[in-house]
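This report describes a molecular structure in terms of its segments, its domains, its chain contacts and its buried interior. Please keep the sequence and the model in view while reading.

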Amino acid sequence: MATVTVRAAATGAAAPAARPRIGRGLPAALALVPTALIVLVVYVGCMLWTVRLSFTSSTLLPKFDFVGLAQYERLILNDRFVVSAQNTVIFGVLFIAGCLVLGFLLAVFIDQRVKGEGAFRTVFLFPYSMSFVVTGVAWQWFLNPGLGLEKLVRDMGFSDFTFDWLVNQEMAIYTLVIAGIWHGAGLTMAILLAGLRGVDEDLWKAARVDGVPPWRYYLSIVLPLLRPMVVTATVLLAISVVKLYDLVVAMTGGGPGIATEVPAKFVMDHLFERNNIALGTAAATLMLVTVVIIIAPWIYARYVRSKGRR
Amino acid sequence: MSASLPSGPRPRRLTPGRIGLYAFLLTAAVFFLLPLWIMLITSLKPMEEIRLGNILALPMAPTLEAWGKAWSSACTGLDCNGISVGFWNSVRILVPSVILSIALGAVNGYALSFWRVKGANVLFGVLLVGAFIPYQVFLYPLVRIFSQMGIYNSLTCIVLVHVIFGLPTMTLLFRNYYAGIPIELFKAARIDGGGFWTIFLRVMLPMSVPMLVVATILQVTGIWNDFIFGLTFAGRENLPMTVQLNNIVHSTQGERAYNVDMAATMLAALVPLAVYFVSGRWFVRGIAAGAVKG
C-alpha cells in the first residue's frame, strides 16, 4: 500500500518536539515571573480554594469549617442539578455526534474538487466566529412558535403544523443542540478537511483500481486515517459541552421551567445569585472532575506516551 | 493550512452523484445562512410587518429605524441608551486586553523556547492543562481576590481576567511558533552579544508578524464574544456588548421589539464577522492553532 501521510497541521495543540534550550540568564527567569504568579495564584490556588470551599457549609460568605461530602449529597438530591447533569449528557452526545457527522460530510463533499470551494468553506465556518449569545438570540427568534418557523410553515398551508420545541419542556434541549451544531460544525469541518488534504492521493487511485466505491473508501480507509483529527475535534467539542453556558442563557434561560438547565449555569446561579457558595463550588468541582476524566487519557496518549517524558 | 490540492476522487462530467453532491452542499449552505438572513431582514422591518408577514420575506419598505433604536435608545435594564454603550465598553475592554495578552504570550513563548529556566516545563504543563478547566472553577476565588485588591468590577479587573485566561493559548501559540525558528539564529544573536530583551525585540518580534496576526484575530474574536467574564468581573459601568445584548433581548417589558433585538444582535456580531471575512484563511489558521482553548 502507498505510504500515507496525515499531517497534524489542524491539531495545532501538538507541541513540537523539545529541543535543547541554550540561553541562560536572570532576565529570562524574571520575564516568566508574572506568568508563574498567575499559574500559582489562579490556576492552582483558585482551583484548590474552590475544591476546599465545596467541603464547607458556606452560604453567602465563605466559611472554613468541614462538613465532608454533605454538599455533594445535597447536589445529588437537587432536582435542578440532576436535570443539569442529564442535559449535559443529552446535549453532549447529540451535539458531538451531530458536529462530527455533519463536519465529516461537509469536509468530504468539499474535498471533491467542487466549484466555489472557498465560498462554501466561508459559509460553513462563519457561525463559529460569532458569540454564543448572538447564536442563541438568533435561533430563539427563528424557532419561536408565534412568529418563527411554525408560523412560516402554517402560512404555507400546513395549518396543523406544530413546532414548539423552544417552549416545550421535553424538547427544548434539542433546540440547543440545533443551535450548537450550527455554531460548531464548521470548526469540525475545518479540522477534518485539513486532515483530508494530508491523505495521499495515490491511496484513492489504488482503491479505485481495486474497484472500491467512494463511500467505502471514505468510511473504511480515510476515516481511520483521520483518527487523530477526529479525536482532537471530539475533545474540543466535549470541552465546550462542559463549558456550555452563554448559549443557554441567551436562548432559553434554562427554561421552560428547569428543562434546559446546565451545570455551568447551576454554578453561576448558586455562586452569584442564590448565595450558596458551598453548593456552587461543589458543582464546579464536579465539572472539574468531568473535564479531567475527558482530557486525562487524551493528554496521556498525546504528550506522555507518544513523545516520552519531556 | 490547506494549501495542497483536494485529495478526493477526480470529478467526471455532471453525473447524478455530482448533482447530489452540490445539492447537499447547497442545502447545508442554506442551513448555515438562514439564521443570518432572518436576523438581517427582521432588523430592517417595522413591527407590524413582522407580526403579519412571512419571516423569510424581504421587507416591503426596508428601514434602518430599528438599527438606530438598537444603537442609541434600546433599554438594557433600567438605562435606555442602546447597545452603543456596550459597544464602546467592549472596545475599551478589547484594546488593552488584546495588547497585554499577546505581549505576555509572546514573551512567554520566547522564554520557553530559547531559554533554560528552572521549572519552566512544569509551568508550561500546568498552563496547558489550565486551558481546559471550566472557568466556573476559578470564578469565586478570583472575585474574592479582586475584591480584596479593591479592583473588583472595574475595567482593570476585566482586562486582567482576559489576560489571565488568554495566557495558556497565547503562550502555546508563540512557543510552538518559536520552536520552528532555527536555533542557530538564536545562537548567532547570542554570539553577537544580544541579551534576553534585545534578541526578543530586535530579532524574534520582527519575525513573528504572522503569529501576531493570528493571535490578534484569535483574541479579538474571543474577547469580543466573551460573556461570562464580562458578566462577572466588568461591573455595571463596563458591561460588554454581549451582556448588554442579552439584557436588551431579555429584559424588555411588554411586547418584544424583534426588529430592535435583531438589529442589536447584528451590531454585536459585526466586529467578529468583519474580522472573519477580512482575515479569511488567517482565521482558520488562528482557530486551528488556538483550538486548544475550546
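Residues 122–143 of chain B are 77% helix and 0% strand, and their end C-alpha atoms lie 26 Å apart; helices here are DSSP runs of H or I with at least four residues, strands are runs of E with at least two, and both are numbered from the N terminus. The model is a predicted one, in which local features need pLDDT of at least 70 and side-chain atom pairs count only at pLDDT 80 or more, whereas totals for chains, interfaces and linings use all residues. Residues are numbered from 1 along each chain as its sequence is written, while chains are lettered from A and ligands numbered from 1 in the order in which they are written.

**Annotated spans**

The span just described is one of those that UniProt, in an unreviewed entry, lists as "transmembrane region" for chain B, the full list being residues 21–44, 93–115, 122–143, 149–174, 195–218 and 262–284. UniProt positions are given in the numbering used here, feature names are shortened, and annotations may be inferred rather than shown by experiment. For chain A, an unreviewed UniProt entry lists residues 85–300 as "domain: ABC transmembrane type-1". The table sets out the computed geometry of three annotated spans.

| Span | Helix | Strand | Distance between end C-alpha atoms |
|---|---|---|---|
| Residues 21–44 of chain B | 96% | 0% | 34 Å |
| Residues 122–143 of chain B | 77% | 0% | 26 Å |
| Residues 85–300 of chain A | 75% | 0% | 26 Å |

**The two chains**

Chain A has 14 helices and zero strands, and the secondary structure of chain B likewise comes to 14 helices and zero strands. Of the 310 residues in chain A, 45% are buried, and of the 294 residues of chain B, 50% count as buried; a residue is called buried if 20 or more other C-beta atoms lie within 10 Å of its own, exposed if 12 or fewer do, and partly exposed in between, with C-beta atoms placed from the backbone. Among contacts with a separation of 6 or more, residues 24 or more positions apart account for 72% in chain A and for 77% in chain B, two residues being in contact if their C-beta atoms, placed from the backbone, lie within 7 Å. The C-alpha trace of chain B spans about 75 × 70 × 30 Å along its principal axes.

**Domains of chain B**

Chain B is assigned domain 1 (16–63) and domain 2 (84–293), with bounds that come from an automatic or database domain assignment. The C-alpha centres of domain 1 and domain 2 of chain B are 34 Å apart, and their contact takes eight residues from domain 1 and seven residues from domain 2. On the domain 1 side, helix H1 (16–43) and helix H2 (47–52) of chain B each supply at least two residues, and H1(B) gives the largest share, four residues. That side of domain 1 of chain B divides into five nonpolar, two polar and one charged residue, where Ala, Val, Leu, Ile, Met, Phe, Trp, Tyr, Cys and Pro count as nonpolar, Asp, Glu, Lys and Arg as charged, and the others, Gly among them, as polar.

**Contact between the chains**

In the contact between the chains, 91 residues of chain A meet 88 residues of chain B. Helix H2 (residues 33–53) of chain A supplies the largest share of the chain A side, 12 residues, and by class that side has 67 nonpolar, 12 polar and 12 charged residues. Cys46(A) has its place in helix H2 of chain A and is buried, because 21 other C-beta atoms lie within 10 Å. Leaving aside neighbours within four places in sequence, Cys46(A) is in contact with Phe138(B), Pro141(B) and Leu142(B).

**The buried interior**

The largest nonpolar core has 185 residues, of which Leu192(A) and Ala264(B) touch the most other members; such a core is a set of buried Ala, Val, Leu, Ile, Met, Phe, Trp, Tyr and Cys residues joined through C-beta atoms within 7 Å. This core draws at least three residues from each of domain 1 (16–63) and domain 2 (84–293) of chain B. Not counting residues up to four places away in sequence, Ala264(B) touches Ala70(B), Ala74(B), Ile83(B), Leu245(B) and Ile248(B).

Leu245(B) and Ile248(B) are also among the buried residues of H12(B). Nine of the 10 residues of helix H12 (residues 241–250) of chain B are buried, so this helix is largely enclosed by the rest of the structure. The buried residues of H12(B) pack against helix H6 (132–143) and helix H12 (246–251) of chain A, together with helix H4 (84–114), helix H10 (209–225), helix H11 (228–233) and helix H13 (258–279) of chain B.
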